[in-house]
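Visitor: Could you take me through one part of this protein up close? I'd like to see what sits around the ligand, and then whatever else helps me picture the rest.

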Amino acid sequence: MFGTDSKETLPQRFAQSHKAWDEYMAKIWKNLLHLVGCEADASVIEIGGGNSVKIGTALAQSGFKGSFHLVDPFEEALAEAQRLYCELLPDAQIHTHTTTLAQAKALPQNALLLANHPLDDMILAAGAGPHDAAELFGWTAIEHEQTIPLSLQVWTGIEHHPDMLSGIKDVIFAEWRAAIDTLKPRALIVSQYPSSTLKNAGMNGLNRHALDILKALRGLYASALIPDEDVQGVLNRVKHYNDKHIGKEVLNAANWLVARF
Ligand SMILES: C[S@@+](CC[C@H](N)C(=O)[O-])C[C@H]1O[C@@H](n2cnc3c(N)ncnc32)[C@H](O)[C@@H]1O
């Protein structure tokens, strides 16, 4: 297993509370932000964070007072994130962009471009037809780990149409490539570790296809990647709590794209 063995077992709260899981993931993000070099007055862009505060909690622990741009089409989640971040990052400037990555305008160049586990949600959103972000992602406002029947319904609809699935993957890959070409970030960090919640809900295919997109992006930016050994060294400082899923997947450098341009 990857990570540090602290001889502790996984605290129950991690499975029951978004907040506890966000705090755990913030430790990983804090270490990776340090690895790529994130000054206190940097410009940071987070894609598809919804109301989760993993990345902002990591920034708060490093005394961040720069500008933080949140890009997400889900208006209510962004409003909640902004409220939380005004408390967590009182000296930072928080900017919200209620839009998808593809349609985002007025984002700064030369920023750090960051996203935690965005690609599965981008696939679902792209194939959701008439269902909007509030229907698809409203569960994130409820304080425990879950999936909803609509996610499975949308995913099944996509998976049963291979042409549609491959078209969605191509569009999301192109969405990231265009954003990176335009924004010219000085660092890029994206994670897409397989999710045990999706697996347990019969959506392991979504895990696999989302990871395909991450692998394609890792290939495209291979020359800018921080070597996996270095990223693994950083991930290994975080406790795995004897949890196979965390130790094999979340803390596995192969499931992260960490690049410096
Ligand atoms: C489950 S939530 C937040 C998960 C968060 N990334 C994390 O790991 O905690 C997924 C979010 O992705 C957003 N989203 C989906 N497609 C997107 C896109 N193309 N661009 C930006 N955000 C997107 C949704 O609106 C939703 O708020």
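Guide: Let's start with a ground rule: a residue is near a molecule if its C-beta atom, placed from the backbone, lies within 6 Å of it. Keep in mind, too, that this is a predicted model. With that rule, 22 residues surround the ligand. The closest ones are G48, G50, S52, F74 and A125, so those are good ones to click on if you want to find the spot. What is the shell made of? Nonpolar residues account for 11 of its members, polar ones for 8 and charged ones for 3. Two helices, α5 (119-126) and α6 (133-137), each give at least two residues to this shell. The largest share, 3 residues, comes from α5.

Now look at another pair of helices, α2 (residues 18-36) and α3 (residues 54-61). Their axes come within 7 Å of each other and cross at roughly 60°, which makes α2 oblique to α3. The crossing is right-handed. On the α2 side, the residues that meet α3 are D22, E23, M25, A26, W29, K30 and L33; their partners in α3 are K54, I55, T57, A58 and Q61. Sort that contact by type and you get 6 nonpolar, 2 polar and 4 charged residues.

Zooming out, the whole protein has 12 helices and 6 strands. Its C-alpha atoms fill a box of roughly 45 × 45 × 40 Å along the principal axes. For 261 residues, a compact globule would have a radius of gyration near 18 Å, and this protein's 17 Å agrees with that.

Key. Residues numbered from 1 in each chain as written. Predicted model: local features only at pLDDT ≥ 70, side-chain atom pairs only at ≥ 80, totals over all residues. Helix = DSSP H or I, 4+ residues; strand = E, 2+ residues; numbered from the N terminus. Nonpolar A, V, L, I, M, F, W, Y, C, P; charged D, E, K, R; others polar. Axes fitted to C-alpha atoms, helices over the stretch in contact; angles between N-to-C directions. Parallel < 35°, antiparallel > 145°, perpendicular 65-115°, else oblique. Left-handed = near helix turned anticlockwise from the far one by under 90°. Contact = placed C-beta atoms within 7 Å. Rg over C-alpha atoms; globule rule 2.2 N^0.38 Å.
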